[in-house]
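Have the sequence and the 3D view open side by side for this one. We'll take a short walk through two helices.

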Amino acid sequence: MKDTALIVIDMQRGFLNEESTCYIKGAKATVPNCARMIRGCRDMGIPVFFVNRLYRANGSDVEHTRFHGWLKGGKPISPGCDESISSDMPEEFCPCEKDYFIKKPRFSAFFQTELDIVLRRLGVRNVILIGTTTPNCIRTSCYDGISLEYNVAVVSDCTSSATDEIQKSNLRDMENIGAQIITSEGFLSGEEVLRDSTAIVQEYVKEQE
C-alpha cells in the first residue's frame, strides 16, 4: 500500500497530560489504538508521518487565541518547558528512522508544511488521519487533504475531542464532506478498504476529452 500514508497529528505530552493548559480530554485514552495503527501500518509498508507542534520559547509562533493560556501554563510544547507537558510523544509509538517528522505551525498538517510535496514525491493518493483534536487539527487536515485531491480517511477510535458529542458531530461533518470514517480494527483486519473517489473523477474527465 505504497500509495497510502498514515498521518499522526499532535499526539504529544503537552496535549495528553491533564496538567497542561493544552490538554485534550480523551486524547490519552486513544494512545493504545494509535500505537496499534502505527505498528500495523509499518508492517503493511505504509509510511508513517508524525506531524507535530513545537512552539518557540519566546512564544512568537503561538496562536494568539491560545497565547494567554500557553504563557500562564508553563509554556507547554516548547523548548525548556517541563518534560510532563513537552513536545515528546508517547513511548508506545516507538518512532523509527523510516518515519517522517514534520513540524506544523498551525492546526492543519498541510498548512505551511512540506507534507504535500513529500506525499506526492512518494506517490501517495490516500491519507489516513489519527491523533488529536478531531474538531481542530484532524478536521482542518481533512479538509485541506480533500482540497489537495487526496482520498482522506479518519480513524474514529484513534482521534479525540473534549466530549463525545463534539467527537461524533465532527466525524459526521467530515463524512458528509466526503471523508471516509473507519476504525483501526476494521482497517488493520482488511474489513474496511479505502475507497478511491479521486480515480472516479479522473476517469470521467478523461472520457470527456
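What follows looks at one helix as a whole and then at a single threonine in another.

A bit of housekeeping: this is a predicted model, with local features needing pLDDT of at least 70, side-chain atom pairs counting only at pLDDT 80 or more, and totals for chains, interfaces and linings using all residues. Residues are numbered from 1 along each chain as its sequence is written, and side-chain values use heavy atoms, leaving out hydrogens and water.

Start with helix α6, residues 164-177 (helices are DSSP runs of H or I, at least four residues, and strands are runs of E, at least two, numbered from the N terminus). Its buried residues (under 20% relative accessible area with a 1.4 Å probe, protein chains only; partly exposed runs from there up to 50%, and exposed is over 50%) are Gln167, Asn170, Leu171 and Met174. They cover an arc of only 100° around the axis (taken from the directions from the helix axis to the C-beta atoms), so they sit on the same side of α6. That buried set packs against α5 (134-147), β5 (151-160) and β6 (180-182). Flip to the other side of α6 and you'll find Glu165, Lys168 and Asn176 exposed. Just past α6, Gly178 takes a positive phi of about 125°.

Now hop over to Thr198, in helix α8 (residues 197-208). Is Thr198 buried or exposed? Thr198 counts as buried because its relative accessibility is 9%. Setting aside neighbours within four places in sequence, Thr198 is in contact (heavy atoms within 4.5 Å) with Arg125, Glu149, Tyr150 and Asn151.

Definitions and conventions. Expected span 1.5 Å × (residues − 1).
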